[in-house]
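This report walks through one structure, from its overall layout to its strands, a helix and a ligand site. Please look over the sequence and the model before reading on.

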Amino acid sequence: MYLKSLTLRGFKSFASATTLNFEPGITCVVGPNGSGKSNVVDALSWVMGEQGAKSLRGGKMEDVIFAGTAGRAPLGRAEVVLTIDNTDGALPIEYAEVTISRTMFRNGGSEYAINGSSARLLDVQDLLSDSGIGREMHVIVGQGQLDSILQATPEGRRGFIEEAAGVLKHRKRKEKALRKLEATEGNLNRLSDLITEIR
Ligand code: ATP
């Protein structure tokens, strides 16, 4: 499995559609300060489901949408498409090539698609969670992030290990199931109160 290409359209400084093609192995992105190198990495995190505006170096989520320049009006939407080569079947999906896309409008949330079919954030997270490029994006080490990993609390360190081991997905599901169970218990209690009242 390797990243084949990344297309940015209206994402941060990339107003026009821009496609970066990658080969297997190491890719270096070079350019002057402020030319958009980190924006490419942000796009990668974002399309894989990043939810924190701060992790994307912004104040709010809409900050990923091209905000305009002196010569160009702001845009109303940001779109990123990531194509992954899956010929080795590392991703649990029956396609040799997988595209994940995320689109965001100024007035709304995000829309995701996997190979062109509309998908939920959870589907994207599930698809990637055992591949080593999961939801907490620990594979993307940003500037200054090494420090925070070295200084992480024991809980934080445990999170990194759980993510790497693919445990996090199951823990999230367990938490969700427990919340449902709690809500059901509440309903059962209300029901039994009603039955007592009727009697
Ligand atoms: P450095 O080498 O200094 O780390 P870089 O090449 O990584 O720089 P980035 O941080 O990726 O540069 O890009 C910063 C540029 O992106 C700035 O010029 C900033 O104005 C622009 N930018 C960020 N968000 C938006 C946005 N929503 N709309 C338009 N431009 C944006």
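## Overall layout

Two residues are in contact if their C-beta atoms, placed from the backbone, lie within 7 Å. Among contacts in the protein chain between residues at least 6 apart in sequence, 51% join residues at least 24 apart. The model is a predicted one. The protein chain has 199 residues, and 21% of them count as buried. Taken along the principal axes, the C-alpha atoms fill a box of roughly 75 × 40 × 40 Å.

The secondary structure consists of five helices and six strands. Their order along the sequence is β-β-α-β-β-β-β-α-α-α-α. The domain assignment divides the protein chain into domain 1 (2-156) and domain 2 (167-199). Between the C-alpha centres of domain 1 and domain 2 there is a distance of 36 Å.

## Strand pairing

Strand β1 (2-9) takes part in two antiparallel pairings. With β3 it shares seven bridges, and L3 stands opposite I84 in β3. With β2, β1 shares four bridges; here L8 faces T18 in β2.

Further along the sequence, β4 (97-105) runs antiparallel to β5 (residues 110-114), and five bridges join the two. I100 stands opposite I114 in β5. β4 and β5 form a hairpin, with four residues between them. Strand β5 also pairs with β6 (residues 117-119), again in the antiparallel sense, over three bridges. In this pairing Y112 is opposite A119 in β6. β5 and β6 form a hairpin too, with two residues between them, and N115 in the turn has a positive phi of about 50°.

## Helix α1 and its cover

Helix α1 spans residues 37-47, and its buried residues are V40, D42, A43, L44, W46 and V47. In an α-helix there are 3.6 residues a turn, so residues three or four places apart point the same way. V40, A43, L44 and V47 are among the buried residues of α1.

Which strands help to cover the buried residues of α1? The cover includes β1 (2-9), β2 (18-21), β3 (77-85) and β4 (97-105). Just after α1, G49 takes a positive phi of about 110°.

## The ligand site

There are 14 residues around the ligand, and N33, K37, S38, N39 and A67 come nearest. By class, this shell has three nonpolar, eight polar and three charged residues. An unreviewed UniProt entry lists P32, N33, G34, S35, G36, K37, S38 and N39 under "binding site". N33, K37, S38 and N39 are thus named in the record and also belong to the residues that come nearest to the ligand.

Is N33 buried or exposed? N33 is found in the loop between β2 and α1. It is exposed because 5 other C-beta atoms lie within 10 Å, and a residue counts as exposed at 12 or fewer. S35, listed in the record as well, is found in the loop between β2 and α1. S35 has 12 other C-beta atoms within 10 Å, so S35 is exposed.

How values were computed
Residues are numbered from 1 along each chain as its sequence is written. This is a predicted model: local features need pLDDT of at least 70, side-chain atom pairs count only at pLDDT 80 or more; totals for chains, interfaces and linings use all residues. A residue is near a molecule or strand if its C-beta atom, placed from the backbone, lies within 6 Å of it. Ala, Val, Leu, Ile, Met, Phe, Trp, Tyr, Cys and Pro count as nonpolar, Asp, Glu, Lys and Arg as charged, and the others, Gly among them, as polar. A residue is buried if 20 or more other C-beta atoms lie within 10 Å of its own, exposed if 12 or fewer, and partly exposed in between; C-beta atoms are placed from the backbone. Domain bounds come from an automatic or database domain assignment. UniProt positions are given in the numbering used here, feature names are shortened, and annotations may be inferred rather than shown by experiment. Two strands pair if DSSP finds at least two bridges between them.
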